[in-house]
Each structure stands twice: as structure tokens, then as C-alpha cells.
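Reader: I am new to this structure. Could you show me how to read some of its features?

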Amino acid sequence: MRHDKHILMLLCVLLAGLWLAPCAEVQGANVIRTAKESIKKRQKLPDTAKALLEEAAKVETTNRDRAECYRLAAECHRQIHLQENTKLYLHQAYDTALFFSSLLEMFRLSEQADSVAMQPDERGRTPHVKLRRSRDYLQPYRQNLLNGGKWQLMHHRPADAFRYFDTYIHLADTPPFAADSLLKTDPQMPQVAYLATYMAHEAQMSDAVVRHSPLAKRAEGQQVEFIQEYLCRAYQTKGDTLEMIVNLREGLHEWPQHEFFFSRLLDHYALTGQFKAGLAVADSMLTVDEKKPLYWYARSLFLLKLHEDSKAIVACDRCIELDSTYVDAHYNKGIAALNLAVAYARTACTDITNPQCQRDLEVLRSLYQMARTPMETVRRLQPDATDRWAAPLYRIYLNLNMGREFDEMDRLLK
């Protein structure tokens, strides 16, 4: 009797399994059939798309049904897009955001449908999928992706704009379109990559900047040096110093007049103590343009760091000749002259009965006078930057016996 009960329970479990599976298939078929009717009648399209996606997410749904759900959900969004387009054509009030967002969803879901359709079925068989249908379905709307991105750009929504440009580029590398080699044959592709990189930079999406930069730099008629700049900034954000330096050097070589590359290399070498490397870069740029004040300032900076104070003063003088308001050059000259004075004082004669003592005092006075003029210029150009000029002027006025001026610096420092 107990044996019979065991057999009966086993049969119930098996029958339940046979019953549940067809129910799931029937439910999926019902959803798909209802969706087709809704699309045909253009009724409750957003709700229909949501139901289809929920059905597609169910584990028991077959790949074939899941792909059909995604495809029909994409068609729902296409119909929404067409409805808004009709309003536009008839000069009726329409929802621009919905007009473009439904388009983006149509592309996303169509790609998802193709991806699922190409997966092996439940028996492990690889399906034979015809993707030409998907290509023909999407092709008429590709240009509107760009319009959607530009519309988002105009409304200062870089992350949203990026999605449209990124989809346009990504679509060219997916099976429905890859056979057309759109990445190579579509003349708009570099321009779209330029916009995608720009938007990724604005949205602080470093990985996306790195991904699209190579194609973006092929855009004709654009200031592609900014793409190189965004690439350097992206690597800096990612913490990849090696790639940042490689691309800074490449940018400096290709676009020497774009100061970003030189300035960032300057900062990097100064902060990391690579003063000889920084000086070499500054000197190399002076061979390109010896009338650019920035390059002479950079040379003075690294000479100062290398304790080549006399040479640093010469570089500062050249910079100031080209730009008399270059405050950092005045500052470097003042510091270099102070360094020379301090170094000279270490070995100067201190015996006031020795005639050499007077000569050394005159040399020291001339060095402090040399430091005074540029440092007072720094004060004049940057009156609020007391942390820059107050301490140096304190020392200068002390050694020049300028009591009133010294007292002023003393008060400021206190």
C-alpha cells in the first residue's frame, strides 16, 4: 500500500511538471498575441511594452519567445515615435523628449532581440538567424539618433546626448550593420565620435572618452587637439599616469600651440621631481617657438629647481622681455636673485677691517637690489598674494636696511 502511494505521488509530480511547462508557454503565447493586437490597434503601447519586457525576463520563457518579446517591445516604441512624428507633421503639440527617447529604446530593444535570437536554444542548437530584417527595420531611423543627441546637447544634458551618439556608433559594429562596414564607410562616423567624446568628457565618463577618441581624432574640420586633451584628462582621472604622459607627449608633438599639453607635462615633471626631464622639454619647445613666454618661464622654473640660479635669471629676463606682466617670471627672478645672495653671504668676508668686506657688501647689496625689483613687481601685480611676496620682501628690506618697508612686511607677516 505504501509502495502504491509512493508511485501515486511520483505520478502527480510528473504530471504537475508537464502541466506547468505548457502553462508557461501558453502564457507567453497569450502575451505575445495580445501585444500584436495592441500594436496593430496602437492601444496602450507603453503598458504593452512593459508587459513584454516582464515576460522576456522570466526564466521559463524560451529564447525564441524572449527574442519575440524584445522585438515587439521595440515595435511598441517605434509606434510611439511614429505617433509623435505624426503630431509634428500635423503641427500639433508633441512631446520632443518622448519623440527621441522612444527612438533610443527601439534601437536598444532591437539589439537585445537580435542578441537573444542568436543564442543556442534549449537543446544547445545554434539558430539560423536572418538579421537583414532587423537592419532594414532600423536603417530609416539611424539619422534621427543624431538629431536626438544634438537635441539633448542643446539642452545641456551631456550624459543623455552621449547615449544617442554612442548608440549610433555601436550600432555600426553589431551584426545587422557590421556587414556594411559602416565604421569605415559612413562618412559621418568620425564626426559622431567627436560629439560622443565631447559629451563623454562633459559627463565625466572617462572610459567612454578613451573608447571613442581614436575615431574622433579622424574628424575633419574639428579642433581635434581638444579630443587629445580630453583623452589625457580621462587617463588622469583613471589614475593611469603612464598613458597620460604618453598622450601628453603625443599632443605636444602634434599640437605644440595648444598649451594644455605643455602645461600638464610641466606640472607633472615639477611635482615628481623630474627637473632635468622638464628642462629638456622646455628647451625642445624653445626650438619650436623661442618667442613664447611660457617656454622661457618653464626653462627658468626647472633651472631654479636645479639650483642654476644665474641661468634662471637669464631665462626670466627673456620671458619678461616678451611679456612684462608675466608675474611668475618676475617671481622666479626674485627668488633666484635671493638664492644667489644667500649663497654669496655664506662665504662673504665678515671682518670689517678687511677691504674685501666692503667689496662683498657691495656685491650682496647689488644682489638684493636685483631681487627687490621683480619681487615688488609681483606685489604690484598680485597685491592680495601676501603669502608669495611678503616673506621675500621682508628679507630683502632687512638686508638693504630699508627700515620703513621692513616694518611694513613685519606687520604683514605677524
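Author: Happily; we will talk about salt bridges and a helix. This is a predicted model, where local features need pLDDT of at least 70 and side-chain atom pairs count only at pLDDT 80 or more, while totals for chains, interfaces and linings use all residues. Residues are numbered from 1 along each chain as its sequence is written, and side-chain values use heavy atoms, leaving out hydrogens and water.

Reader: How many salt bridges does the structure hold?

Author: A salt bridge is a side-chain nitrogen of Lys or Arg within 4 Å of a carboxyl oxygen of Asp or Glu. The structure holds 19 of them. In one, Asp-283 meets Arg-299 at 2.8 Å, N to O. Asp-283 lies in helix α15 and Arg-299 in helix α16, so the pair ties together parts 16 residues apart in sequence. Helices here are DSSP runs (H or I, at least four residues), numbered from the N terminus.

Reader: Which residues meet in a salt bridge within helix α17?

Author: An α-helix has 3.6 residues a turn, so residues three or four places apart point the same way. Here, the side chains of Arg-318 and Glu-321 meet at 3.4 Å, N to O; both lie in α17, three residues apart.

Reader: Is Glu-321 buried or exposed?

Author: Buried means under 20% relative accessible area, exposed over 50%, and partly exposed in between (1.4 Å probe, protein chains only). Glu-321 is exposed, at 61%, and Arg-318 is partly exposed, at 25%.

Terms used: Helix = DSSP H or I, 4+ residues; strand = E, 2+ residues; numbered from the N terminus.
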